[in-house]
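Visitor: I've got a structure to look at and I'm new to this. Could you walk me through one small corner of it?

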Amino acid sequence: MNDASNDVRVLVADDDEDILLLVSTRLRRDGFEIIEARDGDEALALLREHVPTVAVLDIGMPGLDGLEVLEAIRESAELAGIRVLLLTAKAQEQDVRRGYAAGADAYMKKPFSPAALSQAVRELIAL
Amino acid sequence: MQRGFGPGAVFLAGGVLLIAIYFALPTGTSADLIYAFLGLASVLAILAGIRLNRPDAVLPWMLFALGGAASFAGDVFFHYRASATTPSIGDGFYLAAYPLYAAALLVLLFRAGGHHRFAALAEAGIATFAFALFQWVALMHPVLSGSGSPGTRAVAAAYPVGDLVLLAGCAGLFVSPAWRKPSFWLLVGAVVSLLGADESYTGLGTATYHVGGPVDLGWLVSYVLFGAAALHPSMRDLSQPRRSAKLRVSSWRIAVLAAAILAPSTVLLVQWFRNAYTGVPAVFTATLAISILVVWRLTGIMRALERLRIRERDARTDAVRARERLAAQNERLREADRLKDEFVALISHDLRTPLTSIIGYTELALEEDETPLGEERRGYLEVVSRSSERLLHLVDDLLFVARLEAGTGLEIKPMELDLALLGAQAVDDIRPRAELRGLELHFDGDGPLMVEADRGRLFQLLDNLLANALKFTPAPGTIELRVSPTPTGAALEVSDTGIGLPPGDADRVFERFFRSPQAVDAHIPGTGLGLFIARAIVDAHAGRISVARRPGGGTTFRIELPAHLPAAAGHADPELVA
């Protein structure tokens, strides 16, 4: 296990409890410190509080959706450096393009391989 | 089946010949014999016509025959039993013929006139009353108020009355649709000859009549024409009811009606000018009768117009209602379409979300980071993993087909790409699965081989075909992807050494949900969507896909793609289209 990951904080936001647990469990195995959010508003509040290195955002969430949270991150001076990975069940190409247009660093469609997600998050941290 | 006019023509020619002989001969026994023979021949010709032509209605022709017989009887009495008394027995038979002829014409009119017969009757009535007024003022009144015994005067006036009755019937037929038939014209000829002769007989004065004179010509011609009319094949059509027949508005009809309506005032004017008998009560009676008939006819026309208007309004209401129904149906279709889209979205989201958990957690469980797994449990989890991957693939395929069926078609985003590079990537991508199954996998092709295509779709197509080949090839076997240039673009060939295709299935493998019985028997999993999707992708690229048996066993799929997409294909960026 990579101990250097220990002080790296990752925010995971998903309104689906099972997916949230899946993502955070897998990323905890990599040694990341995980902050969990269950909707967009909570995610934004926790982002402001902890300023993590990476945010894994679900797009379809109650309240602010993932794209709106992403826009808020890019507009805020202290949050702008956060690397964002969008995670969504919407398999439509428009969402990918909108996600990148809104400033996403990576994109992953559900269903996803937890190992691939972990790999993607590690690549974002290495940036 | 209509017979020819053969017998009728023979009869007509014979009649004309006999008439000529009649006038050539001096008056006497031979001439009288010919005259009588022509009357009898006319009756026999009518009876023969009935037998030959077999009309639907026999009655009018029997009435004509009866009228002819009465007339013939009149001839016999006139020539052979001439009596000095007036009226003679001959006059009685002659006058009896008119109502019979008129009845025959009326029956024909009622059968042939269809639903316009009342209109025809009204118009015939108008013409008849006008003619009656002329008859009265010009012929009957002078005869009746002239000299001679009352009997002589009555008989002389009776002939114009008979003509009137005949004319009424004729006029009725004239406005009916029967008037285009040859048989009708022969009948009209017969009636007109009869009328002409009668009018001359009364008008010139019965005393001036002499046997063998010009008046006889009219009567003889009328005999011959009656017979010919019955012998002509078109006599069948005269008595055939034609419900759909249209009442023609010809200028002839209008002219006759106008003349008839003007008749009373014309008679009044002419007689006043001549300082002769004006017959004001007769003029008034005729005017009254004509007016009543005109009003009757007008009422009928207005009612018909009203009916037409109502029918038109109903038709318009129906059309509006049909349009409303159509709009409602469209609305329902749109709603159904929307529901379908929602359903597609539901599959997309609600099926994929639990699959995300299943696939993700299975993978998590298979990672032996914390607790080691027993060999048996690992096997179970691998089954779950494979099955969930298959389920995901199925959901994706169904989603793809549902979008295709929704009519939105397959959108492609074309770009210039190297087909050789893409083929190599697809082969690399599937290699682990091929090795797992103990199959050899080859790629053959030299790049760059540029085509204009949608990278994602083409990759999906290659993956579909390679996975298909994998599925149908038992180990040990070989799968090969070949990429080569063609005169118009490029060709892709996926060959396998698998179980192959029965000859009949080659045409059907691209159908939606088609599954080869061989595949079903061998329990090879599948939905029958893969090749349907493959063809949809090839179609969207304006390409062609075909399947053939590979020599030595197995199958070869061949895809030909154009180097450049036609402007209409997909949603090509115009800048990319050469």
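Guide: Sure! One term to start: a polar contact is a pair of N or O atoms within 3.5 Å; within protein, one must be able to donate a hydrogen and the other to accept it, and residues adjacent in sequence count only if both atoms are side-chain atoms. This is a predicted model, where local features need pLDDT of at least 70, side-chain atom pairs need pLDDT 80 or more, and totals for chains, interfaces and linings use all residues. Side-chain values use heavy atoms, without hydrogens and water, residues count from 1 along each chain as written, and chains are lettered from A and ligands numbered from 1 in written order.

Visitor: Which side chain makes a polar contact with the side chain of B:Glu480?

Guide: B:Glu480 sits in strand E4 of chain B; strands (E, at least two residues) and helices (H or I, at least four) are DSSP runs numbered from the N terminus. At 2.6 Å, its side-chain partner is B:Arg482.

Visitor: Is B:Glu480 buried, partly exposed or exposed?

Guide: Buried means under 20% relative accessible area and exposed over 50%, with partly exposed in between (1.4 Å probe, protein chains only). B:Glu480 comes out at 23%, so call it partly exposed.

Visitor: In which sense do E4(B) and E5(B) pair?

Guide: Strands pair if DSSP finds at least two bridges between them. E4(B) and E5(B) form a hairpin with 3 residues between them. Across it, B:Ile479 stands opposite B:Asp496. With 7 bridges, the pairing is antiparallel.

Visitor: And how do E2(B) and E4(B) run?

Guide: Here B:Leu441 stands opposite B:Ile479. The two strands are joined by 6 bridges and run parallel.
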